[in-house]
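Colleague: I should like a close look at how the strands pair in this model, followed by a few words on selected buried positions. Please give a single connected account.

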Amino acid sequence: MRSDEIKKGYDRAPHRSLLRATGIKEEDFDKPFIGVANSFIEIIPGHFYLNKVAEIIKEEIRAQGCIPFEFNTIGVDDGIAMGHDGMLYSLPSREIIANSVETVMNAHKLDAMIAIPNCDKIVPGMIMGALRVNVPTVFVSGGPMSAGELGDGTPIDLATVFEGVGAFEAGEITQEQLLEMECNACPSGGSCSGMFTANSMNTLMEAMGIALPGNGTILALTKEREELFRKAARRVCELAKMEQAEQERFRFRNILNDHAVHNAFVIDMAMGGSSNTVLHMLAIADEAGVDFDIADINAISKNVSHIAKISPSLTTVHMEDINRAGGVSAVMKEINKRQALLEDNLTVTGETLLERIADAQILDPEIIHPIENPYSKVGGLAILFGNLAEQGAVIKTAGIVGERRFTGRAVCFNSQDEAIAGITGGKVKAGDVVVLRYEGPRGGPGMQEMLSPTSLIMGMGLGESVALITDGRFSGATRGLSIGHVSPEAAEGGLIALVEDGDEILIDVDQYILELNVPEEEIARRRAAFTPIKKPLQSRWLRQYRALVTNASRGAVLEAE
């Protein structure tokens, strides 16, 4: 066992002495040591109950003859951090989480790991850390919350409240109606109920084979979810007890490989996941040593039908509905009628992906559409290229309202705060393209989510007549003609920095084009006079992050050399 390095031999007497202080008995030194990587934090709705989840998991691990050691990572709630400078810390927190998992697991030579994430950057951060450690690992998330409901029975969620702010600004709803949304949108613990970033990543873990079936859709705080926790705990102990040769097959990098990355993007396309998944899956691929280019996403998309539409793309459908309709396994089986999946890949439960989904079926064709009746014959995400995005930009095509080809006049803002003030102040009109820059990984720094400006545009009734492009990113709750992750970003001299008010911008989603229609000689003139804005920063951590971070086309990973 890997843990023998800290517990076997006369020279490890001091190590054993310290372990005994934690309650370890003589007979425990021959048992596998399991890291329980928890993300319990009281301010995040998807995490405040994870301390109780860890107790369930540790109880099951002990019952299986293994020794659990719980440790914690940090977490940032993007919804609470959004709209102010707290969001600068959200994406950087992914690196802290990955570093913390690597640090604890490798410093103490634990044999295997069970990871308990749920929301936002915590899922990809833990995955990245697990890839570095490369021991048998099972992921089991805290689960999605149920949808909220207005008094008239209309289903709502967090996106409803964000768009409600825009509707209130436009005078379309009263303060009392906004309060009703606020009080009912998030009725319980769990990751926000739509196909936002957290639930997108939690479903992709099923496609990657690193979590058990149901991980993305079984509701939080239910008996069904508790049984999933216990199954995951039993499985990690089975892996930890395997003979060395068999255990080798289940090292984390042997499961999360190039096929797993491909399959994650397939299901992302089929279910119209958050555009943030592109950022995180590129970082995960980089950590896994998988050669995956952002342009490969369009090739996958062309072979994947979009068959499950979930809030915010379809406001009446939430994760509980997908679970009732057959879950992620049903989506995978149906989409594979186009042979989109690389189905021979091993999963953490021991079967191949094809074997895992063999008995799955669609139980409600109104929720998960048959492949003969898709929402779209191509996937729910696309990567646009052009002089404005030489290294790519991301759009959640599943969330588009209005036309997929748009030509408009640029209205430029150099920060999210400027954009919010400009939109609420009436500076943005029908036919405009909002250009929101210096919010990329380096320029922000930290690549703030732009749910506030996009929700204002939707809430003010401009969703079909205004587009937005940014080197920042979006919440999974964003919808509309919203294009993010523009690379190169403004802070590194990308063309988005040189756009001026009134410039014509062409967006053609079906042709994957994002183009600034300005003559080359004019662009050259602007570039000769260009100096990038560098925002003042008090934070030492954010200054470190800005110095090391790459752009979104590389997943915003940190590069130290």
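Modeller: Ala 410 has Val 433 in strand 10 as its bridge partner. This is a predicted model, and the pair belongs to the contact between strand 9 and strand 10 (residues 432–436), where five bridges join strands that run parallel. Strand 9 covers residues 405–413 and also pairs with strand 13 (residues 504–508), again over five bridges but in the antiparallel sense. Within that second pairing, Thr 407 has Leu 506 in strand 13 as its bridge partner. Strand 9 is thus described by two partnerships, one parallel, with strand 10, and one antiparallel, with strand 13.

Another part of the chain contains an open sheet of four strands, arranged in the order 2-1-3-4, with parallel pairing. Strand 2 (67–72) and strand 4 (137–139) form the edges, each of them pairing on one side only. On average, neighbouring strands of this sheet are turned by 20° against each other, direction ignored. At the strand 4 edge, the partner is strand 3 (residues 112–116), and three bridges join these two parallel strands. Ile 114 marks a position in this pairing, as it stands opposite Val 138 in strand 4.

Turning to the helices, Met 269 is part of helix 13, which spans residues 258–271. Its relative accessibility is 0%, and Met 269 therefore counts as buried, the limit being under 20%. The surroundings of Met 269, leaving aside neighbours within four places in sequence, include contacts with Ile 297, Ile 300, Ser 301, Val 304 and His 306. Gly 379, Gly 380 and Leu 381 are also in contact with Met 269. For one of these residues, Val 304, a separation is available: Val 304 and Met 269 lie 35 residues apart in sequence, while their C-alpha atoms are 6.5 Å apart in space.

Asn 276 is located in helix 14, which comprises residues 276–288. Asn 276 is likewise buried, because its relative accessible area is 0%. The side chain of Asn 276 is joined to that of Glu 449 by a polar contact of 2.9 Å. For Asn 276, the picture thus combines a buried position with a side-chain polar contact to Glu 449.

Note on methods:
Residues are numbered from 1 along each chain as its sequence is written. This is a predicted model: local features need pLDDT of at least 70, side-chain atom pairs count only at pLDDT 80 or more; totals for chains, interfaces and linings use all residues. Side-chain values use heavy atoms; hydrogens and water are left out. Two strands pair if DSSP finds at least two bridges between them. Axes are lines fitted to C-alpha atoms, for helices over the stretch in contact, and angles run from 0 to 180 degrees between N-to-C directions. Buried means under 20% relative accessible area, exposed over 50%, partly exposed in between (1.4 Å probe, protein chains only). Contact means heavy atoms within 4.5 Å. A polar contact is a pair of N or O atoms within 3.5 Å; within protein, one must be able to donate a hydrogen and the other to accept it, and residues adjacent in sequence count only if both atoms are side-chain atoms.
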